[in-house]
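Open the model in your viewer and keep the sequence panel beside it. This tour goes stop by stop, saying what to select and what is there.

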Amino acid sequence: MGFGSGQNYNSGSTYTHNTSNDECCVGGKTLSRWNMEAGIGAETFVSGNAISGSKSPPALFPLTTLQDVKMSDAYAVGYRAELGGSYALNPNRKLTLQGTYSQFNGNEVAWGQQGGGSLRGTMSDYKSYGIEAGIRQYARPKRFPILKSVRPYIEGKMGVAYVDDIRLENINQVGGVPHLSTPASLAFYQASWVPTASGLIGIETPVFDRFTMGLETGIRYSGTQGTDTTDTGGGFNARYSGANNGGDRWSVPLTIRGRYRF
C-alpha cells in the first residue's frame, strides 16, 4: 500500500519514498504487484420492476387488471460473493478482475386483480453469475481509533452476468370469482447475459503483514433480462402478456472484503 511521499506507516504494508521509482514496499521489499481478493455481503434491490403490469393489455373476460411490482418488493435482501485478484499499477491504483455470484429469494406479492379478487404469486429465486473488471484508486491513509489506519478508496467496474431464468410461481387468486384457466406458474424471463456496472466506495485497514480487510458499498447496475413469452403468447394467458417486460435493475451492496498481497 502506498501512503504518499516521505511517510512511513507501520500498518501491514510500508511505504518508503524512493527518489528513483517511488515504489511501495512490504517488509522492505518492492511493491507487491499481485493480490488475491475475496468478498461477501448483503445486497438489496433499490430500483427496477420485477412485474410490469402497467404494460399488459386490458382483458375483457374475466376482468383482469395487473399492476407493477418493484424488485425491492418482489425479492428479499440477498447476498453476493466475489473472488478474484488485482494488480497494482502503482502504490495508489489497482486493476481488478473478479468472478461474482448473487442470489435473492423471491417474495409472495400481489400483482393484480382478477374476477374481483387479489391475484398473487411468488417470483422464483434471482441467481446470477458474472465477471467484472475495474480500476480502484486509493487515497492517503487516515489515522483511526483502535485501528492502525484506514485507507479510503473508490472503484469503478464493468462486466457481464448470466442471470438464470425466472418464473412467477404459486399463482393464486384470493377472494372474488375464481377462474379455472388461471395458471399455476408463468415463464417470465429468459436465462440471458446482461451488462453490469458499479461504482463503489470503501475503506481498507491492515490486519497482518500482507493481509488487509475492507468494507465497501455503492450502487450496482444490471441490464434488462430477455422476456420469455412461452406461456403468455396466446390463449387465456395472453391477458398476462406485458407483465414480464421489466427493465434495468439497480441494487446497493454492503461487502466485507479481504485482500492478500503476494
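The stops below run from strand pairs to a cavity, then to aromatic rings and a few single residues. Bear in mind that this is a predicted model.

**Stop 1: β3, β7 and β8**

Select β3, residues 34-47, together with β7, residues 78-90. These two strands run antiparallel and are joined by 10 bridges. To check the register, pick Asn-35 and look across to Ser-86, its bridge partner in β7.

Now add β8, residues 93-104. β7 and β8 are antiparallel too, with 11 bridges between them. Label Tyr-87 and then Leu-95, its bridge partner in β8. Follow the chain from β7 into β8: the two form a hairpin, with two residues between them.

**Stop 2: β15, β16 and β17**

Clear the selection. Show β15 (192-206), β16 (211-222) and β17 (249-261). Start with β15 and β16, an antiparallel pair held by 11 bridges. Gly-199 is the residue to label here, as it stands opposite Ile-219 in β16. This is again a hairpin, and four residues separate β15 from β16.

Move on to β16 and β17. They run antiparallel and share 10 bridges. Click Leu-215; its bridge partner in β17 is Ile-256.

**Stop 3: the largest cavity**

How many cavities of 30 Å³ or more does the structure hold? There are two. Go to the largest, which encloses about 190 Å³ of space.

To centre the view, select Glu-43, Arg-80, Ser-128, Thr-196 and Ser-222. Of the 20 lining residues, these five lie nearest the centre of the cavity. The lining divides into nine nonpolar, six polar and five charged residues.

Keep the strands from the earlier stops in view. β3, β8, β15, β16 and β17 are among those that each supply at least two residues of this lining. β11 and β12 belong to that group as well, and they lead to the next stop.

**Stop 4: Tyr-138, Tyr-153 and Arg-136**

Select Tyr-138 and Tyr-153 and show their rings. The structure has 15 aromatic pairs in total. This one is tilted, with 5.6 Å from centre to centre and 55° between the planes. It links distant parts of the chain: Tyr-138 belongs to β11, residues 126-138, and Tyr-153 to β12, residues 151-163. In sequence the two tyrosines are 15 residues apart.

Are these tyrosines buried or exposed? Tyr-138 has a relative accessible area of 5%, so it is buried. Tyr-153 is buried as well, because its relative accessibility is 3%.

Now add Arg-136. Its charged end sits over the ring of Tyr-153, 5.3 Å from the ring centre.

**Stop 5: more rings**

Select Phe-45, Tyr-75, Phe-104 and Tyr-126. Ring pairs link these four into a cluster.

Then jump to Tyr-189 and add Arg-249. The arginine lies over the face of this ring, at 5.0 Å from its centre.

**Stop 6: Asn-170**

Select β13, residues 166-174, and pick out Asn-170 within this strand. What is the sign of its phi? Positive, at about 50°, although the residue is not a glycine. Asn-170 counts as exposed because its relative accessible area is 52%, and the cut-off is over 50%.

**Stop 7: two contacts across the sequence**

Return to β3 and select Val-46, which lies in that strand. Add Met-71. The two are 25 residues apart in sequence, yet their C-alpha atoms are 7.2 Å apart in space. Val-46 is partly exposed, at 45% relative accessible area.

For the second contact, go to the loop between β16 and β17 and find Thr-232. How far is Thr-232 from Leu-186 in space, C-alpha to C-alpha? The distance is 7.5 Å, across a sequence separation of 46 residues. Although it sits in a loop, Thr-232 is buried, with a relative accessible area of 5%.

Methods: Residues are numbered from 1 along each chain as its sequence is written. This is a predicted model: local features need pLDDT of at least 70, side-chain atom pairs count only at pLDDT 80 or more; totals for chains, interfaces and linings use all residues. Side-chain values use heavy atoms; hydrogens and water are left out. Rings of Phe, Tyr and Trp (its six-membered ring) pair if their centres lie within 6.5 Å; planes under 30 degrees apart count as stacked, over 60 as edge-to-face and the rest as tilted. Buried means under 20% relative accessible area, exposed over 50%, partly exposed in between (1.4 Å probe, protein chains only). A charge sits over a ring if NZ of Lys or CZ of Arg is within 6 Å of the ring centre and within 35 degrees of the ring normal. On a 1 Å grid over the protein atoms alone, a cavity is a set of points where a 1.4 Å probe fits but cannot get out, and a pocket is an open set with protein on both sides within 12 Å along at least five of seven lines; lining residues have an atom within 4 Å of a point. Grid points are joined across faces, edges and corners, and a volume is the space filled by probe spheres set on the points. Ala, Val, Leu, Ile, Met, Phe, Trp, Tyr, Cys and Pro count as nonpolar, Asp, Glu, Lys and Arg as charged, and the others, Gly among them, as polar. Two strands pair if DSSP finds at least two bridges between them.
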